[in-house]
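Visitor: I should like a close look at one strand and the residues that meet it. Please treat the contacts, the rings and the charged groups in turn, and state the cut-offs that you apply.

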Amino acid sequence: MINRVVLTGRLTRDVDLRYTQGGAAVATFNLAVDRRFTNQQGEREADFVSCVIWRKPAENFANFFHKGSLVGIEGRIQTRNYENQQGQRVYVTEVIVENFSFLESKNSTGNGSYHRPQNNTSDPFANNGKPIDIQDDQLPF
């Protein structure tokens, strides 16, 4: 059986990080994923997908992503149900995130592109013999 989900989208709100009674971190968020087609008015619609991530990856995710961040996730679909306070059965479908990727730089303008400095060397990794200046807040871990 195969249960694999790969999505690219933007967070609709800040990540909600909580801890279980046992101390395990759990983060929840919604991902807005554009549909490939437009509606009759020529507008692109989106699906809003509920996602959950656990333990240390949840803490990292909550620290580095915020409302509007473009992120790629990989995981699996899980369904569950419970009875609410009114006695009604509620069904929930969510993506359990197993891997995630940064899809834009921290200082991006939100257009989904990476900020890459322009240089005129043939080696894209060269920095003209100078050390690369990377601040701690730019690291993904």
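Guide: Glu94 belongs to strand 6, which spans residues 89–102; helices (H or I, at least four residues) and strands (E, at least two) are DSSP runs numbered from the N terminus. The model is predicted, so local features need pLDDT of at least 70 and side-chain atom pairs count only at pLDDT 80 or more, while totals for chains, interfaces and linings use all residues. Residues are numbered from 1 along each chain as its sequence is written, and side-chain values use heavy atoms, with hydrogens and water left out.

The relative accessible area of Glu94 is 9%, so this residue is classed as buried; the class means under 20%, with exposed over 50% and partly exposed in between (1.4 Å probe, protein chains only). The side chain of Glu94 makes a polar contact of 2.8 Å with that of Arg80. A polar contact is a pair of N or O atoms within 3.5 Å; within protein, one must be able to donate a hydrogen and the other to accept it, and residues adjacent in sequence count only if both atoms are side-chain atoms. Apart from neighbours within four places in sequence, the residues in contact with Glu94 are Ser50, Val52, Arg76, Ile77, Gln78 and Arg80, where contact means heavy atoms within 4.5 Å.

Strand 6 also carries aromatic residues. A pair of aromatic rings is described by the distance of the centres and the angle of the planes. Here, rings of Phe, Tyr and Trp (its six-membered ring) pair if their centres lie within 6.5 Å; planes under 30 degrees apart count as stacked, over 60 as edge-to-face and the rest as tilted. The structure has seven aromatic pairs. One of them joins Phe61 and Phe100 edge-to-face, with 5.0 Å from centre to centre and 90° between the planes. Phe61 sits in helix 1 (residues 55–64) and Phe100 in strand 6, so this pair ties together parts 39 residues apart in sequence. Phe61 is buried at a relative accessible area of 0%, whereas Phe100 is partly exposed at 23%.

Another pair consists of Phe64 and Phe102: the ring centres are 5.9 Å apart and the planes stand at 75°, so it is edge-to-face. This pair also links distant parts of the chain, Phe64 being in helix 1 and Phe102 in strand 6, 38 residues apart. Both rings belong to partly exposed residues, with relative accessibility of 28% for Phe64 and 29% for Phe102. The four residues just described form one aromatic cluster together with Phe29 and Phe65.

Beyond helix 1, Ser69 lies in the loop that leads to strand 5 (70–83). Ser69 is buried, with a relative accessible area of 7%. A polar atom of its side chain lies 2.9 Å from the backbone oxygen of His66. With neighbours within four places in sequence set aside, Ser69 is in contact with Gly9, Arg10, Leu11 and Glu104.

The charged groups come next. A salt bridge is a side-chain nitrogen of Lys or Arg within 4 Å of a carboxyl oxygen of Asp or Glu, and by this rule there are 10 salt bridges. Arg89 forms one with Glu83, the closest N and O atoms being 3.7 Å apart. Arg89 is partly exposed at 42%, while Glu83 is exposed at 52%.

Arg4 and Glu74 form a salt bridge in which the closest N and O atoms are 3.4 Å apart. Arg4 is in the segment before strand 1 (5–11) and Glu74 is in strand 5, so the pair ties together parts 70 residues apart in sequence. Arg4 is partly exposed, with a relative accessible area of 44%, and Glu74 is partly exposed at 30%. These two residues are linked with Arg76 and Glu98 in a network of salt bridges.

A further salt bridge joins Glu45 and Arg35, whose closest N and O atoms are 3.0 Å apart. Glu45 is in strand 4 (residues 44–54) and Arg35 in strand 3 (residues 25–38), 10 residues apart. Glu45 is partly exposed at 33%, as is Arg35 at 27%.
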